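Let's take a walk through this structure together. Have the sequence and the coordinates open, and follow along one region at a time.

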Amino acid sequence: MLIAASCVLGATSRVHAQEAAKYERARATFAGEHARAFERLLAQAREQGLPADPLLDKALEGAAKGVPPGRVLAVLDELAASLTRARGLLAASGLDPAPPDVAAVADGLRRGVPEDAVRTLGQGARPGEPIALAVHTLADLLDRGVPVTVALDVLTAWRGQGAQAAELAELPAAVERLMRQGVLPTQAAQAVAAAMRAGRGPGAAGPPDGFPPARARGQGANGPPIPPGAGPPHGKGGRGKKSGS
């Protein structure tokens, strides 16, 4: 136990040291009143239990791109507000979110996940369920054109099968695979949800019943592709030349 405790303390110290070094690099990109505003923003974020890493990364990104300090601070204010919203949504669901979870949910909100959808996922979460990763997956499904209600149904099916974190990444991939076959996003997501409810897993989802198989462009129903400009063969509905003409 003492060895394990020492390992944990050592890892925590390394994390704090890395964050402190990143903070110093970010702080060095500001001067004067901008530097003091940056310090106030970071101090307020820490008091609220918000993750500092996304703010530090964004500050360093802005400096690397040559964005004026005033504009960087405005972006950091917006990001802090998004992190505050994310933490509030998770806390309202009875969760005690870790900083990485808050950052992941804030990113999901930025990508278009509605707040109501986050609440829905949070309210149905079981202890230890990767809710932040589920929000990230929801954003991936929305990016592929799946409506919010259908995407939530996919995650409900995932939850009903044990809510395994490793399975979340397979959901958007399964939907995209069906979409490449010509299935609409809604139908593809519904097929994935049905496969999971049947206990087959997302990778086993197939096109909906009656979905026509894709054919190569220019291919006849019973044969190889027809060369451009070629007419129908004799005896297949075409008009052959009259004998003797």
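**A cluster of rings**

Ring pairs join Tyr 23, Phe 30 and Phe 38 into a cluster. Bear in mind as you look that this is a predicted model. The count of aromatic pairs comes to 2. In one of them, Tyr 23 and Phe 38 are stacked, with 5.9 Å from centre to centre and 15 degrees between the planes. That pair links distant parts of the chain, since Tyr 23 sits in helix α1 (residues 2-27) and Phe 38 in helix α2 (residues 32-47), 15 residues apart. The rings of Phe 30 and Phe 38 have planes at 20 degrees and centres 4.8 Å apart, so this pair is stacked too. A pair of aromatic rings is described in just this way, by the distance of the centres and the angle of the planes.

Are the members of this cluster buried or exposed? Tyr 23 and Phe 38 are both buried, and Phe 30 is buried as well. Tyr 23 also has a charged companion: Arg 46 lies over the face of its ring, 5.5 Å from the ring centre.

**From the cluster to the core**

Stay with Phe 38 for a moment. Which residues does Phe 38 contact, leaving aside neighbours within four places in sequence? They are Tyr 23, Ala 26, Arg 27, Phe 30, Leu 56, Ala 59, Leu 73 and Leu 76. Two of these names, Phe 38 itself and Leu 76, return in the largest nonpolar core: among its 62 residues, Phe 38 and Leu 76 touch the most other members. Helix α4 supplies the largest share of this core, with 9 residues.

Now step back to the whole chain. There are 11 helices and 0 strands, so to speak a run of α after α when read along the sequence. Of the 245 residues in the chain, 32% are buried. Among contacts with a separation of 6 or more, 61% are between residues 24 or more positions apart.

One example of residues far apart in sequence involves Glu 61, which is found in helix α3 (residues 53-64). Glu 61 and Ala 26 are 35 residues apart in sequence, and their C-alpha atoms are 9.2 Å apart in space. With a relative accessibility of 34%, Glu 61 counts as partly exposed. The side chain of Glu 61 makes a polar contact of 2.9 Å with the side chain of Lys 65.

**A helix with two sides**

Next, find helix α6 (residues 115-123), where Ala 117, Val 118, Leu 121 and Gly 122 are buried. Why do these residues share a side of α6? They cover an arc of only 135 degrees around the axis, which puts them on the same side of the helix. The face turned away from this buried side carries the exposed residues Asp 116 and Gln 123. On the buried side, the packing partners are α4 (69-92), α5 (99-110), α7 (131-143) and α8 (148-160).

Moving on from α6, you reach Glu 129 in the loop between α6 and α7. Is Glu 129 buried or exposed? At 11% relative accessibility, Glu 129 counts as buried. Not counting residues up to four places away in sequence, Glu 129 touches Gly 124, Trp 158, Arg 159 and Ala 163.

**Two positive phi angles and a second one-sided helix**

Ala 163, just named as a contact of Glu 129, lies in the loop between α8 and α9 (165-168). Its relative accessibility of 12% means that Ala 163 counts as buried. Most residues other than glycine have a negative phi. Ala 163 is not a glycine, yet its phi is positive, at about 55 degrees.

Further along is helix α10 (residues 170-180), whose buried residues are Leu 171, Pro 172, Ala 174, Val 175 and Leu 178. Looking down the axis of α10, you will see these residues fall within an arc of 160 degrees, so they line one face of the helix. The elements covering them include α7, α8, α9 and α11 (185-197). After α10 comes Gly 182, which has a positive phi near 100 degrees.

Notes
Residues numbered from 1 in each chain as written. Predicted model: local features only at pLDDT ≥ 70, side-chain atom pairs only at ≥ 80, totals over all residues. Heavy atoms only, no water. Buried < 20%, exposed > 50% of the residue type's maximum accessible area, 1.4 Å probe, protein only. Helix = DSSP H or I, 4+ residues; strand = E, 2+ residues; numbered from the N terminus. Arc of directions from axis to C-beta. Contact = heavy atoms within 4.5 Å. Core = buried A, V, L, I, M, F, W, Y, C linked by side-chain atoms within 4.5 Å. Polar contact = N/O pair within 3.5 Å; in protein donor to acceptor, adjacent residues only side chain to side chain. Phe/Tyr/Trp six-rings, centres within 6.5 Å; stacked < 30°, edge-to-face > 60°. Lys NZ or Arg CZ within 6 Å of the ring centre and 35° of its normal.
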